[in-house]
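Biologist: I should like to learn how contacts, burial and ring pairs are read from a model. Please take me through some cases.

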Amino acid sequence: MSTTKGHHIEVTQGSEHVRVEIDGRLIAESNRPLLLAETGYPVRYYFPPEDVRTELLVPSATHTVCPFKGTASYWSLPGGPEDVVWAYPEPHDQVAPIKDHFCFYEVERD
């Protein structure tokens with residue numbers, strides 16, 4: 001857990017079943033996502049790399065910088081949609097557990 005100037009981030013181990021389908025294709029499914037709670041944002045589910053069908057993804061040229069988490073890299077599906085998933089290859093120490101885990105905008109929970 002980290003709080004910096006009123007900004008709070010907490011990473012916890014989840015156990016609920018979550019999945020991501022895009023255009024009818026199963027892209028990710030896990031019973032062990034990391035949950036990242038951050039001030040001003042909905043809880044995000046970070047999938048272990050083993051639970052993501054990375055063979056369906058292609059690296060994007062997109063990178064964003066978060067002052068609290070680090071620099072994110074993005075992946076797209078060939079032919080679109082673009083930038084559907086991101087990860088932090090070198091996250092800041094306060095969120096180190098999310099290293100190389102994948103996060104999607106839309107996640108289905110059971």
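Modeller: In this predicted model, the residues that Asp-83 touches, leaving aside those up to four places away in sequence, are Ser-60, Thr-62, Tyr-74, Trp-75, Ser-76 and Tyr-105. Asp-83 itself sits in the loop that runs between strand 8 (70-76) and strand 9 (85-87).

Biologist: Which side chain makes a polar contact with the side chain of Asp-83?

Modeller: That of Thr-62, at 2.9 Å.

Biologist: Where is the nearest side chain of opposite charge to Asp-83?

Modeller: A salt bridge requires the charged atoms to lie within 4 Å. For Asp-83 the nearest such side chain, Arg-44, is 14 Å away, and Asp-83 has no salt bridge although it is buried.

Biologist: How many aromatic pairs are there?

Modeller: The count comes to 4. One of them joins Tyr-74 and Trp-86, with 6.1 Å centre to centre and 40° between the planes, a tilted arrangement. Because Tyr-74 belongs to strand 8 and Trp-86 to strand 9, this pair ties together parts 12 residues apart in sequence. Tyr-74 is buried at 9% relative accessibility, and Trp-86 is buried at 7%.

Biologist: Why is the pair of Trp-75 and Phe-102 edge-to-face?

Modeller: Planes over 60 degrees apart count as edge-to-face. The planes of Trp-75 and Phe-102 stand at 65°, with ring centres 5.1 Å apart, so the pair falls in that class. The pair links strand 8, which holds Trp-75, to strand 10 (residues 102-104), which holds Phe-102, 27 residues apart. Both residues, Trp-75 and Phe-102, are buried.

Biologist: Which residues do ring pairs link into a cluster?

Modeller: Tyr-74, Trp-86 and Tyr-105.

How values were computed
Residues numbered from 1 in each chain as written. Predicted model: local features only at pLDDT ≥ 70, side-chain atom pairs only at ≥ 80, totals over all residues. Heavy atoms only, no water. Helix = DSSP H or I, 4+ residues; strand = E, 2+ residues; numbered from the N terminus. Buried < 20%, exposed > 50% of the residue type's maximum accessible area, 1.4 Å probe, protein only. Lys, Arg positive; Asp, Glu negative; His and termini not counted. Polar contact = N/O pair within 3.5 Å; in protein donor to acceptor, adjacent residues only side chain to side chain. Contact = heavy atoms within 4.5 Å. Phe/Tyr/Trp six-rings, centres within 6.5 Å; stacked < 30°, edge-to-face > 60°.
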